[in-house]
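Biologist: Could you take me through one part of this model in close detail? I'm new to this, so please explain the words as you go.

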Amino acid sequence: MSNGNVIRGARVGSAPPRHPERHRPVPCRSVSFWCRNGHRTDIRIAAEAATPQLWDCPRCGLPAGPDAQDPPGRVTSEPYKTHLAYVKERRTDAEGEAILAEALAALRQRRGGS
C-alpha cells in the first residue's frame, strides 16, 4: 500500500516531450587535424564558424593542424618565472632602489627610528 508520497504517472528521468519547432540543429561540418605522431582527430564545428589553426591531439597532447603533410611542431613552454623576474620586467634598478628606500624610511618611522 502506498504511503501517499508517490507522484503517480511519473518515473525517474521522465521529462515533458520536446516540441520540434523549438529545437533545430545547427548545420555542421567535419574538420580533420593531424599531429606530428600521425594521429588524426576529427571534430565537428558549426558551418559558419572559422576553422581553428591548432587543436590539441586527444591521444598524445601535441598540437595538431589541418595540413596532414605539414603538422605543427612541438610547442615550446615558457620557463617558470619567479615574482622577482616579473617585477624586474616592469621596473628598472633605479626605480627598485627608490621604492626600497621609501619602504625602509616608512618602516624606520613606524619603529621610532631616524
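Modeller: Let's look at the hairpin of strands E1 and E2, and then at what lies around it. First, a caution: this is a predicted model, where local features need pLDDT of at least 70, side-chain atom pairs count only at pLDDT 80 or more, and totals for chains, interfaces and linings use all residues. Residues are numbered from 1 along each chain as its sequence is written, and side-chain values use heavy atoms, with hydrogens and water left out.

For orientation, the chain has two helices and four strands, and from the N terminus they run β-β-β-β-α-α. Helices (H or I, at least four residues) and strands (E, at least two) are DSSP runs, numbered from the N terminus.

Now the hairpin itself. E1 and E2 pair in the antiparallel sense over seven bridges; two strands pair if DSSP finds at least two bridges between them. Five residues sit between the strands, and in this hairpin Gly38 takes a positive phi near 85 degrees.

One rung worth finding is Phe33, whose bridge partner in E2 is Thr41. Thr41 is buried, because its relative accessible area is 10%; buried means under 20%, exposed over 50%, and partly exposed in between (1.4 Å probe, protein chains only). So who covers Thr41? Leaving aside neighbours within four places in sequence, Thr41 is in contact with Val31, Ser32, Phe33, Trp55, Cys57 and Pro58, where contact means heavy atoms within 4.5 Å.

Side chains in a regular strand alternate between the two faces of the sheet. With that in mind, look along E2 at Ile43. Setting aside neighbours within four places in sequence, Ile43 is in contact with Arg29, Ser30, Val31, Phe33 and Trp55.

Ile43 also belongs to the largest nonpolar core, which has eight residues: Val31, Phe33, Cys35, Ile43, Ile45, Cys57, Leu62 and Ala64. A nonpolar core is a set of buried Ala, Val, Leu, Ile, Met, Phe, Trp, Tyr and Cys residues joined through side-chain atoms within 4.5 Å. The elements giving two or more residues to this core are E1 (28-34) and E2 (40-46).

E2 has charged residues too. Arg40 and Asp42 form a salt bridge, with their closest N and O atoms 3.1 Å apart; the term means a side-chain nitrogen of Lys or Arg within 4 Å of a carboxyl oxygen of Asp or Glu. Arg40 is exposed, because its relative accessible area is 52%, while Asp42 counts as partly exposed at 45%.

At the other end of the hairpin, look at Pro27, in the segment before E1. Pro27 and Ala46 are 19 residues apart along the chain, yet their C-alpha atoms are separated by 6.0 Å. Not counting residues up to four places away in sequence, Pro27 touches Ile45, Ala46 and Ala47. Even so, Pro27 counts as exposed, at 52% relative accessibility.

Finally, step back to the chain. Of its 114 residues, 12% count as buried. The count of salt bridges comes to three, and Glu78, Lys81 and Glu89 are linked in a network of them. In that network, the closest N and O atoms are 3.7 Å apart for Lys81 and Glu78, and 2.4 Å apart for Lys81 and Glu89.
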